[in-house]
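Let's take a friendly tour of the open and closed spaces in a protein and meet the ligand along the way. Keep the structure in view and follow the residue names as they come up.

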Amino acid sequence: MKVLFALSGSIAAFKACELISHWKKQGHDIQVIATKGALQFIGKATLEGLTGHEVLTDNFHDGHMMKHISLARWCDFFILCPASANTIARLAQGRSEDLLGSLYLALEKDRKFFLCPAMNSEMYSHPAVENNLQILQSRGAHILPTGQGLLACGEVGYGRLLEPLEIDSYIRRELERRTTHPKRVLITAGGTTEPIDGVRSITNTSSGKTALRIAEYLARYGHDVQFLKNVNVDDPKGQIQVSTFKTFDDLQSGLESALSQNHFDFVIHAAAVSDYSVKQVQTSNGDALSTQEKIPSGEALHVVLQPNPKLIDRIKFQSANKNVKLIGFKLTNTQDSTKQSAAVQRLLQQSGADWVVHNDLNQIGLKGAESHPFRLFNQSQQVLLAGSTKSELCEALFDLLEETFSSEASYDLMS
Ligand SMILES: Cc1cc2nc3c(=O)[nH]c(=O)nc-3n(C[C@H](O)[C@H](O)[C@H](O)COP(=O)(O)O)c2cc1C
């Protein structure tokens, strides 16, 4: 393959040389782009010796003036490894003062761009870096996770560049990944918003970002995805049919019509559905107020909440495909593992879900945007997989869809 390999200024640049050497031995053609920062860590001689090509840095380079376009068209994929905080920020801003920045902008949308962060863990979890990574990821970059352990600075944590062979296998999996048996998948995303009056509401903290990632991932690798999202969740990239909801009632009717009108193979119900909706708003004397307009401020009020039915419990009944597979999500807020397991068990039993993805609030978002510790349970309450990032969750669900098909295929052959 033709690999456009960019390096930026990180102490981990030496690992990139190992990866380049590994890929070279496998017969890939590699063109290196190095920032000035990267060349503080690794000499041109090493990179040119390994690849057999001149190392390029600037836009203005005698004999290579249009390289930002020709290399962007030449490559099969583009990798930035290691990706420093500074270069991540420059790419997120779309700055093109050097060849790397220009190449990133000139890359056609169907070329894959892999980005391998490497930095100290405080830097990695800084909101500025998190936001920049999110921007790049929302534009289609594949952000690889980082490793955890002892960092070059002596501190321990996330932010360590993955080992060369880990990067190699991640990228190989991404390049080869494509389902041979596309499934129809419905994914719900985001929280519901329950109105108190014409301008106020009760909602929850769900951003819908994990479900968005899952939807984009499954669609990218060949599945036919329908995305039912809260109006505030971003639109997914790719060929995905989108419909929206705001309140519990919207989601309830949206689910009902989607399930009855389509033959979904899988439903991934990741929406955070409000357990209550507002029944009535009363003055302290018990008089009901009209909730159509804006309730005047100043007085103490009683908001009477009524429990909502559990939408997930109805999914299998409402589905036109009676063999639909259901994946539920359970968020707990306790570090007590017995309570966590009991909550998962309740969901599995009540909803008839085939699998449940469990997260705990105390762990989500602690290590950065990509960090997303989860456990995937099957119906017998066994943990099939414990992962720590959104990418791992996407891969796990993709694999689940593939494996389910294989087991059904063998069942069909036998029956
Ligand atoms: C010894 C040393 C190690 C560094 N390691 C990293 C690193 O791992 N990640 C990072 O984002 N910045 C690191 N930096 C800071 C960057 O090299 C610096 O921000 C530089 O301007 C990055 O330039 P570039 O992104 O244009 O390559 C390090 C700096 C020094 C002096």
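## Spaces and a ligand

The second largest pocket holds about 560 Å³ of space. Its lining has 21 residues, and those closest to its centre are Lys109, Arg111, Arg139, Gly140 and Ala141. This is a predicted model, where local features need pLDDT of at least 70, side-chain atom pairs count only at pLDDT 80 or more, and totals for chains, interfaces and linings use all residues. Residues are numbered from 1 along each chain as its sequence is written, and side-chain values use heavy atoms, with hydrogens and water left out.

A few terms help here. On a 1 Å grid over the protein atoms alone, a pocket is an open set of points with protein on both sides within 12 Å along at least five of seven lines, a cavity is a set where a 1.4 Å probe fits but cannot get out, and lining residues have an atom within 4 Å of a point. Grid points are joined across faces, edges and corners, and a volume is the space filled by probe spheres set on the points.

Where does the second largest pocket lie? It lies between domain 1 (2-176) and domain 2 (184-272 + 309-409), because both give residues to its lining. The domain bounds come from an automatic or database domain assignment. Helix 9 gives the most to this lining, with 3 residues. Helices (H or I, at least four residues) and strands (E, at least two) are DSSP runs, numbered from the N terminus.

The largest pocket holds about 1,300 Å³ of space. Its lining has 49 residues, and Ser206, Ala270, Ala271, Ala272 and Leu331 are the closest to its centre. Helix 12 supplies the largest share of that lining, 4 residues.

Now for the closed spaces: there are 2 cavities of 30 Å³ or more. The largest cavity has a volume of about 150 Å³. Among the residues that line it are Gln137, His142, Tyr170, Arg213 and Ser391. Strand 5 (142-143), helix 8 (164-176), helix 9 and helix 13 (390-414) each give two or more residues to this lining. Helix 9 (209-220) gives the most to the lining of the largest cavity, with 4 residues. Domain 1 and domain 2 each provide at least three residues of the cavity lining.

The table sorts each lining by residue class. Ala, Val, Leu, Ile, Met, Phe, Trp, Tyr, Cys and Pro count as nonpolar, Asp, Glu, Lys and Arg as charged, and the others, Gly among them, as polar.

| Lining | Nonpolar | Polar | Charged |
|---|---|---|---|
| Largest pocket | 20 residues | 20 residues | 9 residues |
| Second largest pocket | 6 residues | 6 residues | 9 residues |
| Largest cavity | 5 residues | 3 residues | 4 residues |

Which residues come nearest to the ligand? They are Gly9, Thr35, Ser84, Ala85 and Thr87, out of 16 residues around the ligand; a residue is near when one of its heavy atoms lies within 4 Å. Helix 4 (residues 85-93) gives the most to this shell, with 4 residues. A polar side-chain atom of serine 84 is 2.5 Å from a ligand oxygen atom, and a polar side-chain atom of threonine 87 is 2.5 Å from an oxygen atom of the ligand. For glycine 9, a polar backbone atom lies 2.6 Å from a ligand oxygen atom.

Conventions:
Polar contact = N/O pair within 3.5 Å; in protein donor to acceptor, adjacent residues only side chain to side chain.
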